[in-house]
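Student: I'd like a close look at one part of this model, please. Pick a stretch, start with how open it is to its surroundings, and then connect it to the rest.

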Amino acid sequence: MGRDRAHRLPRHVGTVDSSVVGGVEAVHSGCVPIRTCIGCRQRAAKTDLLRLVVRADDDGRSARVVPDPRGRMPGRGAYLHPDPACLEQALRRRSLPRALRVSGPVETSGVRRYLEGEEYGPDPSGPTTGCQ
Ligand SMILES: [Zn+2]
């Protein structure tokens with residue numbers, strides 16, 4: 001009776017438990033959604049990744065993937081590091097159409113231009129996403 005409290009001893013402090021690597025980590029501000037990059041498959045804060053959305057192209061034959069740096073476009077999104085190398089990996093793995101639920105070819109030149117030239121520019125308003 002009352003002995004259960006003995007089980008609530010704190011963990012040893014100062015020892016690094018390597019078995020927890022891969023769990024939730026690097027939570028800086030308390031509320032950072034984590035997403036997986038479809039290129040390198042590493043997890044990162046949503047705000048560090050570029051959201052991609054798919055739009056039907058004008059001719060209706062191919063799906064056009066466009067960057068959505070503000071994260072406001074409707075539709076299914078995928079997350080990618082803003083790095084051309086990750087885009088290449090995503091294309092090689094064919095994880096982009098899978099993540100976006102698209103069958104058939106996807107047009108990614110807009111994303112490539114964005115990654116190489118930052119033509120949209122940084123978002124001056126900063127991350128707009130909060131807790132969900
Ligand atoms: Zn990546």
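Tutor: A residue counts as exposed with 12 or fewer other C-beta atoms within 10 Å of its own, buried with 20 or more and partly exposed in between, with C-beta atoms placed from the backbone. This is a predicted model, where local features need pLDDT of at least 70 and side-chain atom pairs 80 or more, while totals for chains, interfaces and linings use all residues. Numbering runs from 1 along each chain as its sequence is written.

Let's take Arg94, in the loop between helix 1 (84-93) and helix 2 (95-99); helices (H or I, at least four residues) and strands (E, at least two) are DSSP runs numbered from the N terminus. Arg94 is exposed because it has 11 other C-beta atoms within 10 Å. Its phi is positive, about 60 degrees, although Arg94 is not a glycine.

Follow the chain past helix 2 and you get to Arg101, in the loop that leads to strand 6. Arg101 isn't a glycine, yet its phi is positive at about 60 degrees. With 11 other C-beta atoms within 10 Å, Arg101 is exposed.

Strand 6 takes us into an open, mixed sheet of four strands, ordered 5-3-4-6 (strands pair if DSSP finds at least two bridges between them). Strand 5 and strand 6 (106-107) are the edges, each with a single partner strand, so one side of each has no neighbour in the sheet. Strand 3 (residues 50-56) pairs with strand 4 in the antiparallel sense over five bridges, and Val53 has Val66 of strand 4 as its bridge partner.
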